[in-house]
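Okay, thanks everyone, let me get the model up on the screen. I'll talk about strands to start with, then about empty space.

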Amino acid sequence: MKPEIKRTGAIIIGSVCILSAILLVLIVVGVINGTSDFEEEQLGFVIAFVAIVCTALLAFGISTLVIGLRAYKSMKKGRAREGKIVDISDINGRYFYKAVTISYYGESGEKYELIFDCNVTYAEKLKVGQYIECFVLGETCYVNTDNIKVVREAEEELNFE
């Protein structure tokens, strides 16, 4: 899957979740106002259930939308730079992903670190010290985890004895 489609997919999924939550509230309010057959216990259960479902949909929708928009904006307007892999570690409970830590420089020149989840198949090909492509916009960084490009190999340290 192309990264452009994945980023736009996250934006679409986030928007659909938010709109679904709003639509669910409007439907339930319309049904409650249209009929008077509900008892107080049933009405309380319906309102509590809808509140829980809408809260979950809104939380998931907003977080997905923010991630998609940030990634889209970083890829389109950000500068391609290189980030140095500082650490590759296991994630407790997630056997198919590893946490990769990179250090990069923001546009102000300050050094930052970014930790992102990477599929094990990609993470096994990476080594500490390699430089990978990342997109920097302002002080934030985005790494295309579906297509990690190694820009430079790790520099060997010189040991004088």
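Here's a quick walk through three strands and one cavity.

Some housekeeping: this is a predicted model, where local features need pLDDT of at least 70 and side-chain atom pairs count only at pLDDT 80 or more, while totals for chains, interfaces and linings use all residues. Residues are numbered from 1 along each chain as its sequence is written, and side-chain values use heavy atoms, with hydrogens and water left out.

So, strands, meaning DSSP runs of E with at least two residues, numbered from the N terminus. Two of them pair if DSSP finds at least two bridges between them. Take β1, residues 79–91, and β2, residues 94–105: they run antiparallel, joined by seven bridges. I91 has R94 in β2 as its bridge partner. Two residues separate the strands of this hairpin, and in the turn G93 has a positive phi of about 85°.

Now carry on to β3, residues 111–119. β2 and β3 are antiparallel too, with nine bridges, and Y104 is partnered with Y112 in β3. That hairpin has five residues between its strands, and there G109 takes a positive phi near 100°.

Next, cavities: sets of points on a 1 Å grid over the protein atoms alone where a 1.4 Å probe fits but cannot get out. How many of 30 Å³ or more turn up in the whole structure? One. The largest has a volume of about 30 Å³, counted as the space filled by probe spheres set on the points. Its lining, residues with an atom within 4 Å of a point, is E133, F135, N144, N147, I148 and K149. That splits into two nonpolar, two polar and two charged.

Conventions. Helix = DSSP H or I, 4+ residues; strand = E, 2+ residues; numbered from the N terminus. 1 Å grid on protein atoms, 1.4 Å probe; cavity = no way out; pocket = protein on both sides within 12 Å on 5 of 7 lines; lining within 4 Å. Nonpolar A, V, L, I, M, F, W, Y, C, P; charged D, E, K, R; others polar.
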